[in-house]
Every structure is written in C-alpha cells, then in structure tokens.
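Trainee: Please take me through the disulfides of this model in detail. I would like the geometry, the placement and the burial of each cysteine you discuss.

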Amino acid sequence: MKNAALVVGLFWSGVSALTLANLEHGKLNVTARCVSSEAHHRNDLMESYCGHSIVEGIDKSIDAKGCKAMYTEQVQLALANKMFKDCNSLCLFDFEMPHLAAFRWIPAEQCWLKAESCGEAGEQDALVAHRRSLCEVPKGPCQPVAQLSDKVMSNYCARNELQGAEKFSTAAGCEEFYTHQVRRSLANRMFEDCGSWCLYDFDQPTIMYAWMANRKCWLQTGSPCGPRYAQQSAALRREKFCKDHTLSVNEAGCVPFSSQLSNTLMAHRCGDLKRYSVDISEDARACHFTDTPMVKKALANHMFSQCGAECIYDYDQPHARWYGWNAKSNCYDRSPAGCNQDVLGKSWALERKALACELATTTSTTTSTTSTTTSTTSTETSTTTVTTTTSTSTTTSTTTSSVPCRPVHDGTGDLKSFCPGETPRARGCNYSDTAKVRKAFANFMFPYCGATCLFDFDNSSISFNWDPFDHCWRRHLEGPCGPPGERALVRKRR
C-alpha cells in the first residue's frame, strides 16, 4: 500500500531538493553550429544507423513502444535521433533531457522502460554531448489548453491505470481554493504517467501537488515529488501549449490601461467568450450593482490569472478586494474567501498591476520677472537717475512623471506582508543571511505569494530557497533560484 506521507517526502536521489527547484538547468543548450535533428522516426533512418531496425531482439523500429503508452512518442523521437551508444545497446536516452532520463529495454515485455539512468559509466555523458550537437526539433502548432472532463482524461488514462490517485472530473485539491488549478493541471496532463501520485502546476510547474490517499485529495506542496526528470518533463510540456492569456506590453515596457470593457477586447485575449462558464463579456455584472463598474474595469484590464478564472481582482486594490463568480446568480460576488487564498490568481493580479502604465502628463506655466537696475550717479550735480527694465518670460514645460516610487525598506522592525493572510517568514537558515532575507521580504523580492524563491534586494546574483524542514530561507548555491521568468518579474519590480 502506498503511503501518502512518503509521496510528499520523496526526494530525487543524489540531487539537492533546493537545486532541483531551478528548472533552468533541466534544459540543454545546443551548440552554435548544430546538426539537423529528426522530428519523426522512420525505418530507413534505423537502417542507415544499424542496417536493420531490430538488432539482437531489441526493437528500434517505428513500432518500438514505451512500457507505458505515453512514453512511446519520447522513445520514437530518441530512436530517430540515434540517442543510443551502439546498435545492440539496451539503453536509449531521452532526446529532450538525456542528462535526466533514459529508457532501458525490457526483453520480457518487449518495450522501453523509462528510468533515471542506464548503461555504463560515461555512456550518458557521450549521449548528452551528442544531443548538444543536434538542433532543436521544429515546433509544431501549439496545443490548445483543455478543461478537465471525464472525456478529456479518458484520452490519457483508463480508470484502472490510476493506482488510486483520482484524475477524473471529481478530482479536488485538499484546500478548495486551489482545486481549479489541480483540475487545470490534470486536464493538460501535467503528470508523468497515469499511475503517478505527483502533479505539477500548469501555470507554475515549480508548484507541486501530491496525492493524499487518506484524504482523497491533492495537497499543494513545496517538497520535490516524483522521479528526478518528472518536473522538468512537465515544464517542457507546458511550453507546447497555446498561451490562453497575453498582456500587450508597449514600447515603454508597461501595460496600457483599458478604459472600457468590450467583447472585441476580450475575444482578442480569450477567443470564443461563450466557451467559458463565467461571463467575461461586456455584459458582465456584479451581484451588487454598485460593484459592477469595478468588475468591468478589472475584466477590461486583465486582473485574472487565466481566461475563464472564477476569481478576478480589483484594479485599484488587487491586494484587498476581489470578486468571485456566483454560478447560481450569474454575477460576481465581492470578497469570497476562496479568491483571497488563490495564491496564483492574486499573484498574477499584483504583477499585472505592477506592470500598469500609470504615467501622468502635466503642463506648467512659469512666469519669471527679471529686473535690471542701472544706476547713474553724478557727483557734480548731486542727481541720481535710476532706470529699471522689467522683462517677463513665459516658459511652458511638459513633464512626464510616474507614480511615486515605493521607498526602500531596510527590513528592520515589523514587516508588512504583501500577501493578505500570510505572515512573512523572514529568517535565514544562516544567521548572517537574516538581514538580507528581511530586506528582501520587506521590498517584495519574490515572484508571487507562496513562492519558494526569494531574491536579494541589493545583489541580483544572490537568492534563497525556502527550507520546509528547518522553516527558514537557505542561500541558493548554484546560480539564481527559480526559472528565468520568475527572476525577470522580480527584476522588473526592483
């Protein structure tokens, strides 16, 4: 019987959990002069490599399959690009991440089994070098983002393959406020295989969910979950999906304000508005009529994490006011508790507001008077003549001034939380780092509420990971913490 607590505590062997939070290291960089890669397997390819497509009983033909059906596509891509040492090798290395994942031939099952390593010493290094010499496979059309239903999940998995972890339409988070993220992640197959008890968040693959058998729900966790390659595999899969929300950033690097909600505007962002269970059209309304202008303003300015999200956040006060969809009344209710606890939704809204163009143009007219006095004194006649010349000049200047910048907080004294309901956890695992951690917290140097990465305010090369066991922030030793997108958000805020 699987133990849910064990699943939550799984660590990838040989690698620090803190290091593995950085998905940037999971993707290989190819050489400048790469060789064309193969997007599809063909028998004539294998014949050109080995003379035959089946060598010593090892199937490397177009019929070769993974021991789990969802691995077959990866097996085929690896074979097409000769990701093996020699023709009678029992080891095959993943094309996308040969340094993290391999396949081992299982004669009894006549299939390729996915594993973290395979082969003799140096074999994996040789195939990593081979992969670096190959160009990336050309990207095909993006995959549409799906919503969870029994039909969608049945395209991936049969119920008898789940091994106890619910993945169909009744799946839920252990806390209601992130159930929609769990279902969104399941709908878009952000899990390694059908029997996996680990799930990776669709919008932030660094956030994980572990199946809790005793509670029959998915628990959000910062602890690594699943095999070493699983999180990176999910992140790579995420890149293949169409972007279902975009922000149009202008040349000044900010997002212009939209003064009016219209169907044209929302269709440009979200496509067919009728496919969503919430109203994001120009007819959207609040359950209390006085809130309707704020709801429309929030929708027009994309104060929601994804098209169809049940929570939207007030444009002027995203940290303090939010609206949740009421399906019975077909309107948005003010301040439902679930929206307050929606970590990703609120983080998106706060970041959206941070990117807003809020520049004011002021015209000032200044009138200056200059007096020049010429004094002529005649001693002989004792007469003094004073001539005064007055000139008036008008200067018109146009000044573009931004919203006043936020003063830098040194981190001493009581810390203000940027995340309602969350108390800043501002302690360094090393006592000497505590001052840096406090200053980083005080100045919002983290990408979103609930993030496990924190960035130093004064030195962008220093970052910290949250250690859930010692309940402190541990300095990240191997490059910056988190994927490049998170660091970019924090740098922009800085």
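Mentor: What follows is a walk through three of the disulfides, then a short look at the nonpolar cores. Keep in mind that this is a predicted model.

Start with the count. The model holds 10 disulfides. A disulfide is a covalent bond between the sulfur atoms of two cysteines.

Take Cys34 and Cys135. Their sulfur atoms sit 2.0 Å apart, and the two form a disulfide. The torsion about this S-S bond is about 95°, so the link is right-handed. The two cysteines come from distant parts of the chain, 101 residues apart. Cys34 is in the loop between helix H2 (17-20) and helix H3 (43-50). Cys135 is in the loop between helix H5 (123-132) and helix H6 (150-154). Burial splits this pair. Cys34 has 29% relative accessibility, so it counts as partly exposed. Cys135 has 16% and therefore counts as buried, since the cut-off for buried is under 20%.

Next, Cys91 and Cys118. A disulfide joins them, with an S to S distance of 1.9 Å. The torsion is -75°, and this link is left-handed. Cys91 belongs to strand S3 (residues 91-93), while Cys118 lies in the loop between strand S5 (111-115) and H5, so the bond ties together parts 27 residues apart in sequence. Both Cys91 and Cys118 are buried.

Now Cys157 and Cys194. Here the sulfur atoms are 2.1 Å apart, again forming a disulfide. The S-S torsion is -90°, which makes the link left-handed. Cys157 lies in the loop between H6 and helix H7 (179-187), and Cys194 in the loop between H7 and strand S6 (198-200). The pair therefore ties together parts that are 37 residues apart in sequence. Cys157 and Cys194 are both buried.

That leaves the nonpolar cores. In soluble globular proteins, nonpolar side chains tend to be buried together. The largest nonpolar core in this model has 64 residues. Within this core, Leu92, Trp112, Leu186, Leu199 and Trp218 touch the most other members. Strand S7 (residues 208-212) supplies the largest share of this core, with five residues. There is also a second, separate core of 28 residues. Its members include Cys311, Ile312, Tyr323 and Trp325.

To recap the handedness: the Cys34 and Cys135 disulfide is right-handed, the Cys91 and Cys118 link is left-handed, and the Cys157 and Cys194 link is left-handed.

Definitions and conventions. Residues are numbered from 1 along each chain as its sequence is written. This is a predicted model: local features need pLDDT of at least 70, side-chain atom pairs count only at pLDDT 80 or more; totals for chains, interfaces and linings use all residues. Side-chain values use heavy atoms; hydrogens and water are left out. A nonpolar core is a set of buried Ala, Val, Leu, Ile, Met, Phe, Trp, Tyr and Cys residues joined through side-chain atoms within 4.5 Å. Buried means under 20% relative accessible area, exposed over 50%, partly exposed in between (1.4 Å probe, protein chains only). Helices (H or I, at least four residues) and strands (E, at least two) are DSSP runs, numbered from the N terminus. A disulfide is a pair of cysteine sulfur atoms within 2.5 Å.
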